[in-house]
Amino acid sequence: MTDRQETNMNASIIPGDYMLWKQGGAGGPFAWLSAGPGSVNASSTGHPEGPTGPAEPLPSPRAWDVVLCISGTLVSCENALVVALIAGTPAFRAPMFLLVGSLAVADLLAGLGLVLHFAAVFCIGSAEMSLVLVGLLATAFSASVGSLLAITVDRYLSLYNALTYYSETTATRTYAMLALVWAAALGLGLLPVLAWNCRDGLTTCGVVYPLSKNHLVVLAVAFFMVFGIMLQLYAQICRIVCRHAQQIALQRHLLPASHYVATRKGVATLAVVLGALAACWLPFSVYCLLGDADSPPLYTYLTLLPATYNSMINPVIYAFRNPDVQKVLWAACCCSSKAPFRSRSPSDV
């Protein structure tokens with residue numbers, strides 16, 4: 001049997017998967033993020049059309065695709081709760097909670113993007129919708145990481161300029177930071193939608209279709225820059241907290257053990273914040289730099305999935321750990337209108 005005859009036979013047995021694989025589709029090197037260039041084109045019936053015209057069946061989702069969709073659903077529900085709590089509680093209008101709200105909105109969009117992308121590829125079969133949703137995901141994840149940086153800057157300034165933090169300039173600075181974060185995130189998300197993608201040339205693709213290798217490198221470098229700045233700021237925060245704890249211990253004539261316990265608690269909190277961010281995003285960022293279109297799709301799944309978990313962890317670290325949020329949430333669950341709480345410093349968020 002010749003190679004041409006074998007190809008035709010395989011295509012007749014599994015036309016969807018085989019043709020999509022040949023075009024870099026759902027079973028090929030760009031497994032999760034596309035059914036490949038030219039392989040899907042939503043028709044009036046919702047079924048894709050092949051390059052030669054006849055309708056082809058929609059690609060079948062792999063187990064990893066289903067896991068990503070489930071993760072997106074959990075992320076959406078969790079962050080929707082945070083957004084509802086902050087938006088529905090007038091006391092949460094402080095700048096520190098606005099930053100947490102920005103983080104929750106970004107993660108909510110990321111979760112919705114994962115679910116809608118699954119539907120676009122495996123239920124509707126629209127390549128154009130898939131491209132737009134990939135841009136949405138790039139925007140949401142960029143805004144999420146940018147909001148983490150804004151929260152870190154706010155924490156640092158609240159300790160470094162404690163006497164002037166509650167002035168009107170703090171609110172202005174917060175709105176300015178949020179505007180910069182979302183403007184930068186929107187720019188990074190629009191790049192693949194407008195032009196910077198690899199739909200017309202698979203050789204320029206990175207590990208995630210249809211994002212080009214250069215675009216993924218830009219995203220990875222941006223993450224490393226943000227992570228480096230956060231690392232330096234949290235190091236400064238740790239020094240300030242340790243110095244303040246030592247001064248309080250001396251003024252109140254406390255035992256050295258008290259200072260040690262307070263310092264250890266602060267360092268542990270910072271380690272959790274940075275450790276969670278590094279564990280979730282470093283593998284995918286490094287893989288974006290080292291991988292290319294020929295890299296195994298399994299590696300893309302194994303590094304992308306932990307990145308989505310960061311959006312699941314963020315509400316726990318930055319919202320649900322806060323005693324004020326806990327009181328409001330508890331009052332809502334108990335159908336109580338009373339949810340008194342004291343004003344806390346941003347470092348508690």
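Let's start with one residue: Y287 is buried, at 11% relative accessibility. Y287 belongs to a predicted model, and the protein in that model has 10 helices and zero strands. Read from the N terminus on, the elements run α-α-α-α-α-α-α-α-α-α. Of the 349 residues of the protein, 46% count as buried. The points below look at aromatic rings, at helix packing and at two residues worth finding on screen.

**Aromatic rings**

- The structure holds 10 aromatic pairs.
- Y156 and Y160 make one of these pairs, and their rings are stacked, with 5.5 Å centre to centre and 15 degrees between the planes.
- Both Y156 and Y160 sit in helix α5, where four residues, or about one turn of the helix, separate them.
- Is Y156 buried or exposed? Y156 has a relative accessible area of 18%, which is under 20%, so Y156 counts as buried.
- Y160, in contrast, has 54% relative accessibility and counts as exposed, because the value is over 50%.
- Y287, our opening residue, pairs with Y299: the ring centres are 6.3 Å apart and the planes stand at 85 degrees, so this pair is edge-to-face.
- The pair of Y287 and Y299 links distant parts of the chain, with Y287 in helix α8 (residues 256–290) and Y299 in helix α9, 12 residues apart.
- Y299 has 45% relative accessibility and is partly exposed, whereas Y287 is buried at 11%.
- Which residues form one aromatic cluster? They are F141, F223, F224, F227, W281 and F284.

**How helices pack: a quick idea**

- The angle between the axes and the distance between the axes describe two packed helices.
- Helix α4 (residues 95–124) is a good place to try this out.

**Helix α4 with helix α3**

- The axes of helix α3 (residues 63–88) and α4 come within 7 Å and cross at roughly 150 degrees.
- Angles over 145 degrees count as roughly antiparallel, so α3 is roughly antiparallel to α4.
- α3 passes α4 in a left-handed crossing.
- The contact of α3 with α4 has 18 nonpolar, six polar and two charged residues.

**Helix α4 with helix α5**

- Here the axes of α4 and helix α5 (residues 127–160) come within 8 Å, crossing at roughly 160 degrees.
- That angle makes α4 roughly antiparallel to α5.
- The crossing of α4 and α5 is left-handed.
- In the contact of α4 with α5 there are 23 nonpolar, six polar and two charged residues.

**Helix α4 with helix α9**

- The axes of α4 and helix α9 (residues 297–320) come within 10 Å and cross at roughly 155 degrees.
- α4 is therefore roughly antiparallel to α9.
- α4 and α9 also cross in a left-handed way.
- Which residues of the two helices make the contact? From α4 they are V100, L103, D107, A110 and L114, and from α9 they are T308, S311, N314, Y318 and A319.
- By class, the residues of this contact of α4 with α9 divide into six nonpolar, three polar and one charged.

**Two residues to find on screen**

- N314 is found in helix α9, and its 2% relative accessibility makes N314 count as buried.
- What does N314 touch, leaving out residues up to four places away in sequence? N314 touches L103, D107, S144, L148 and A319.
- L103 and D107 are among the α4 residues that make the contact with α9.
- N314 and E78 are 236 residues apart along the chain, and their C-alpha atoms are separated by 9.7 Å.
- T203 has its place in the loop between α6 (168–194) and α7 (213–251).
- Is T203 buried or exposed? With 79% relative accessibility, T203 counts as exposed.
- T203 and D292 lie 89 residues apart along the chain, while their C-alpha atoms are separated by 8.9 Å.

**The whole chain**

- Among contacts in the protein with a separation of 6 or more, 71% come from residues 24 or more positions apart.

Conventions:
Residues are numbered from 1 along each chain as its sequence is written. This is a predicted model: local features need pLDDT of at least 70, side-chain atom pairs count only at pLDDT 80 or more; totals for chains, interfaces and linings use all residues. Side-chain values use heavy atoms; hydrogens and water are left out. Axes are lines fitted to C-alpha atoms, for helices over the stretch in contact, and angles run from 0 to 180 degrees between N-to-C directions. Angles under 35 degrees count as roughly parallel, over 145 as roughly antiparallel, 65 to 115 as roughly perpendicular and the rest as oblique. A crossing is left-handed if the near helix is turned anticlockwise from the far one by less than a right angle, and right-handed if clockwise. Contact means heavy atoms within 4.5 Å. Ala, Val, Leu, Ile, Met, Phe, Trp, Tyr, Cys and Pro count as nonpolar, Asp, Glu, Lys and Arg as charged, and the others, Gly among them, as polar. Rings of Phe, Tyr and Trp (its six-membered ring) pair if their centres lie within 6.5 Å; planes under 30 degrees apart count as stacked, over 60 as edge-to-face and the rest as tilted. Buried means under 20% relative accessible area, exposed over 50%, partly exposed in between (1.4 Å probe, protein chains only).
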